Amino acid sequence: MSLDTARMVQMANAIRALSMDAVQAANSGHPGMPMGMADVATVLWSEFLKHDPADPAWADRDRFVLSAGHGSMLIYSLLHLSGYAHPTMEDIRNFRQLGSPCAGHPENFLIDGIECTTGPLGQGLAMAVGMAIAERKLNADFGDELVDHRTWVIAGDGCLMEGINHEAIGLAGHLKLGRMNVLWDDNQITIDGSTGLSTSEDIKSRYEATGWHVVSCNGHDFDDVRRALSEAQAEERPSLVACRTVIGKGAPNKQGTSATHGAPLGDDEISAARDELGWNYKPFEIPEAVLSDWRDTAARCETDHTEWKSRLSEHGKRHEFERRMAGDLPTNFNLDDYIQSLMSEPVKVATRKASEMALEQINGRLSETMGGSADLTGSNNTKAGGIGPFTADDYSGRYIYYGIREFGMAAAMNGMALHGGVIPYGGTFLVFTDYCRGAIRLSALQQARAIYVMTHDSIGLGEDGPTHQPIEHVQSLRMIPNLLVMRPADAVETAECWEIALRNKDRPTVLALSRQNLPQVRNAPDETDMASKGAYRLKKAGNKRRVILIATGSEVHVALECAEVLEKQGVGTDVVSMVCTQLFDEQDDAYKGDILPNVDPAEILRVSIEAGTTFGWERYTMANGLNIGIDRFGASAPAEDLFEKFGITADAIVPQIMNKLNA
Ligand SMILES: Cc1ncc(C[n+]2csc(CCOP(=O)(O)OP(=O)(O)O)c2C)c(N)n1
Ligand SMILES: [Mg+2]
């Protein structure tokens, strides 16, 4: 059912008015995009989008992603007008002010109904690919009765121009994610002016070439928008709906220009727009009739929702579905038996291999993990536990061949995690975290449980040389708030790290894993769950303690070797495995003070050992500590030669410690 055009116009104008008034009140923001897409969004939300404002967490709701996040007033208006609990009108009046959930860009953790944080252009659309993947996967697991929804995206020229767009649509086209529909705000304007300043691309052909269906419409003609959206909905391929619009539509002197993009329209233009639109209401005033049209149309899926709930209540897999959507692990899940088996039969393997061994267990015990790699499956050791590929022909698979699309993979993982019901993990070389850093940052900001399996974590990868050898990466990732960066030392720590990553529902993890084999350093069966404290004493000083060695990953066994030599010389040495600095920082002072006692360096010298930049390690070794690391790019050679050359050996380290002690 659609309302007559005059009423639709009013509904759309309510979005325009709220957007221009909120931006004016904040004296900052982006009115052009919401005003330009108001008509399209009104059709989408009032006639196509399956949602229930009373329950933003309805598992089978359509997902809506405002990829053009600068147009945040569009989604705030839509949520408010449709009758969601938030944002309230008061929230909207306080757009962009401290404490208002109506932040500059939409934040998934501030308002229910905002599926993901957007603003970094291109990533919203790429996350939507992950949501569409999760939808198909859950559909395969639970059937049409429980999972049967779409993913809608509103994206701008910027989202389509970003490089990640190529990765994202390539994946979506290949996987034939036909329930994904992108509404392109084809307004031919970006900040600098006309899109013609910077592009001559035939975007529609590019989408078609990637396996997408493309349809165009006049974004200010309700019937034409309906036609295009219906066509998109009926298509088996993912659809791009090119909506030709006028940016800032309704602002008579500024519409169609980049002047409306990111600045308040100004009082004069706003009052001219009110005349133009015939909107004779005060700022933030929505006439009753318009509001009730919005609320009525938004209520149209209530019956759907009720029927869905009754299907769920009778469904044989109800509890499993609810558990997975809640993101909870099965209550009996743990890796204790596997870890004990490692204790009794120690292994010397690369931690990437140890990760595969852990995954073998995890994927066998959990049904919700979905793995993948950006074309490095055999190197990242990510395919384990007998999981089969997720393909256009078989959405029940649990392994995604992402292709060489690191950024697209990471963004898709965010979308999957935010959709819920699946736990994504994906791999590439650690050095290429740079390629997906923007998405890793958004995992952390959005509190999304994405697990990054980043292998080849140091010069230890050897012959591929400095282009592939991470130097600054581990430390620079540690700087990202709410991201757990773990560098396990052996198979036991790797298993512990995996369990911690899975248990952290609200934060992402980067596992930094070695290419080269590492001896098992943890063999004491009673020492369990050590990694969860972030750092722990692996070896206690025999002689009077003079040195604390703090090492991570592949350097932990080097530290143990150093300690052995030092002890022989009468120098008592603790070895601390600092598997995750963030988790250590979160421990109480008593624990931290026990592991790293706050005493004069002349009494106890602290030494960090990590085959990467020393930058920042003073945080743990203090001003007069010693930092062993690599402050230059690596080199191409066999790994052992490199550890020798860069002095990451007991032979090279011990004399430096002795010098420092005797200084
Ligand atoms: C990755 C990234 N680069 C740059 C920006 C800054 N930025 C915000 S909007 C915008 C222009 C986007 O143009 P378009 O998508 O066409 O939006 P419109 O002007 O049509 O609203 C830019 C460059 C950003 N948000 N994200
Ligand atoms: Mg534009």
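Helices here are DSSP runs of H or I spanning at least four residues, numbered from the N terminus. By that convention, arginine 96 falls in the loop between α4 (89-93) and α5. The model in which this loop appears is a predicted one.

Arginine 96 has a relative accessible area of 27%, and because the partly exposed class lies between 20% and 50%, this residue is counted as partly exposed. Once neighbours within four places in sequence are set aside, the contacts of arginine 96 fall into two stretches of numbering: Ala26, Ser28, Gly29 and His30, and then Cys102, Ala103, Gly104 and His105. Between the C-alpha atoms of arginine 96 and alanine 563 the separation is 55 Å, for two residues that stand 467 residues apart along the chain.

From the loop, the description passes to the interior. In soluble globular proteins, nonpolar side chains tend to be buried together. The largest nonpolar core of this model comprises 63 residues, of which Leu125, Ile133 and Met180 touch the most other members. Helix α5 (residues 123-142) supplies the largest share of this core, with nine residues. Apart from this core lies another, of 58 residues, including Leu49, Tyr76, Cys217 and Cys243.

Methionine 180 deserves a further word. With neighbours within four places in sequence left aside, methionine 180 is in contact with Leu125, Ala128, Val129 and Ala132, and also with Thr151, Val153, Ala172, Trp212, Pro238 and Ser239.

The next site is that of the magnesium ion (ligand 2). Which protein atoms serve as donors to the magnesium ion (ligand 2)? They are Asp157 (OD), Asn187 (OD1) and Ile189 (O), at 2.0 to 2.2 Å from the ion. The spacing of these donor residues in sequence is D-x29-N-x1-I. Aspartate 157 belongs to helix α6 (residues 157-161), whereas asparagine 187 sits in the loop between β3 (180-186) and β4 (189-190); the pair, 30 residues apart, thus links distant parts of the chain. Aspartate 157 is classed as buried because its relative accessibility is 7%, under the 20% limit. Asparagine 187, at 9% relative accessibility, likewise counts as buried.

The surface offers a contrasting topic. Phe109, Leu110 and Leu445 form a nonpolar patch there, and together they have about 230 Å² of accessible area. Leucine 445 is part of helix α18 (residues 437-445). With a relative accessible area of 34%, leucine 445 is partly exposed.

Note on methods: Residues are numbered from 1 along each chain as its sequence is written. Chains are lettered from A and ligands numbered from 1 in the order in which they are written. This is a predicted model: local features need pLDDT of at least 70, side-chain atom pairs count only at pLDDT 80 or more; totals for chains, interfaces and linings use all residues. Side-chain values use heavy atoms; hydrogens and water are left out. Donors are N, O and S atoms within 2.8 Å of the metal (3.2 Å for Na, K and Ca); water is not among the atoms, so sites may look incomplete. Helices (H or I, at least four residues) and strands (E, at least two) are DSSP runs, numbered from the N terminus. Buried means under 20% relative accessible area, exposed over 50%, partly exposed in between (1.4 Å probe, protein chains only). Patches are made of residues with over 30% relative accessible area and no salt bridge: like charges are joined within 9 Å, nonpolar side chains (Val, Leu, Ile, Met, Phe, Trp, Tyr) within 5 Å. Accessible areas come from the Shrake-Rupley method with a 1.4 Å probe; for residues, only the protein chains shown count as cover. A salt bridge is a side-chain nitrogen of Lys or Arg within 4 Å of a carboxyl oxygen of Asp or Glu. A nonpolar core is a set of buried Ala, Val, Leu, Ile, Met, Phe, Trp, Tyr and Cys residues joined through side-chain atoms within 4.5 Å. Contact means heavy atoms within 4.5 Å.
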